[in-house]
Amino acid sequence: MGTERPASDADLRFLAMALALASRGLGRVWPNPAVGCVIVRDGRVLGRGWTQPGGRPHAEAMALAQAGAAARGATAYVTLEPCAHHGRTPPCADALVAAGIARVVSTMEDPDPRVSGRGFARLADAGIPVCRGVMAEAAHAVNRGFLTRITLGRPMVTLKLATTLDGRIATATGESRWITGPEARRLVHLMRARHDGILVGAGTARTDNPMLDVRDIGLEEAAPVRVVADARLSLGTGSRLVASAGAIPLWVACGPQAPPAEREALESAGAELLPCATGPGGAIDLADLLTRLGTRGMTRLMCEGGARLAAALLRAGLVDRLVTFTAGRTIGGEGTAAIAGLGLRRLADAPTFRLADSRRVGVDLMSTWERD
């Protein structure tokens, strides 16, 4: 077995490069993790790779192909433990061994039971020193969605809210376009592209009639799956979501009480139905919906409304990250609140988040809050 040596400043620099490459795959590689790999020898980058759309090829295979024979004797920087199981492609750990890689620097063990230490063990058995646990926190942040699916069986949930200073999303007449500026709206499209699915409630789908696609940033092909929580299938075939179901996947979560005629109409239009359990009042059981999405491989889900769905996710403790875009205007109490009633009687029962980041986006303020 090879002997590990501590990570150097150069190791940190090249692993940070691999993490930046890994983030390119977010929203496009599920159910796989988004991994980056850099092959380096004598301070020179010989190959770079990241997980490709659909999850194949893997990052290591891309980087090794680019490096070619020069990979022999080089160091591989990989943002997650190399896989050790046979799937549609051979194990990446075996590929690194076969290429003659002399050293591996990596972040964290892959919790997937098919890997879970076996990749590192395969490298060590081949006599390749493995420096592991480097920049693990940053790697966890990149692949939080994948890790959430593996450990909790559901995708990571980001709740996005665009509000006025007083937390309103529409006037009393229902006018909501546009509360935030164009820079914030473009950033939301980038957020969509970096998620596997976008979730909205049936009320928002009917009232706003959105497309929930990716526009104006050159990533139209990265449009996520649109998911609508619609227990009674009230969406209707005239919806823009339904009309575009043949081009961009549309999954509609419905309850057992959904009328057969509506089921048939939506399926004929190209939508896929997700039968889910329902809770009090006949609403979709969101924990059940998220579990079903996780079973289908979804790792990152962004909720874009409405107020009742946001409240239901918060009440159930299912929001992992809260991203708010705050515009410098007020509407007043007669406007529509961003989050419906939570039924709280004590402040101690309020869902809490810690501020992770805050920055100006055009004329608006973007804040990212992580679940406490």
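These notebook entries record what I looked up on one sheet and its strands in a predicted model.

**Entry 1, the sheet.** I began with the order of the strands. The sheet is open, and its nine strands follow the order E11-E10-E9-E8-E12-E6-E13-E16-E15, with mixed pairing. I then examined the edges, where E11 and strand E15 (353-361) each have a single partner strand, so one side of each lacks a neighbour in the sheet. From one strand to the next, I noted an average twist of 20°.

**Entry 2, strand E10.** I asked whether the residues of strand E10 (residues 250-254) are buried or exposed. Five of its five residues are buried. On one side I found Leu250, Val252 and Cys254, and on the other Trp251 and Ala253, so placed that both faces of E10 are covered.

**Entry 3, the neighbours of E10.** I looked up the pairing next. Strand E9 (residues 225-229) runs parallel to E10 and is joined to it by four bridges. Strand E11 (residues 272-275) is likewise parallel to E10, again with four bridges. I followed Trp251 to both neighbours: it stands opposite Val227, and its bridge partner in E11 is Glu272. Between E10 and E11 the chain passes through helix H10 (residues 260-268), a β-α-β crossover that I recorded as right-handed.

**Entry 4, strand E6 and helix H6.** I turned to strand E6 (residues 156-163), which pairs with strand E12 (residues 300-303) in the parallel sense over four bridges. Within this pair, Val157 has Leu301 of E12 as its bridge partner. I also located helix H6 (residues 144-152), which lies across E6, E12, strand E13 (321-326) and strand E16 (364-371). Helix H6 runs at about 130° to E6.

Methods. Residues numbered from 1 in each chain as written. Predicted model: local features only at pLDDT ≥ 70, side-chain atom pairs only at ≥ 80, totals over all residues. Heavy atoms only, no water. Buried < 20%, exposed > 50% of the residue type's maximum accessible area, 1.4 Å probe, protein only. Pairing = 2+ DSSP bridges. Right-handed = clockwise from strand over helix to strand, strands pointing away. Axes fitted to C-alpha atoms, helices over the stretch in contact; angles between N-to-C directions. Contact = heavy atoms within 4.5 Å.
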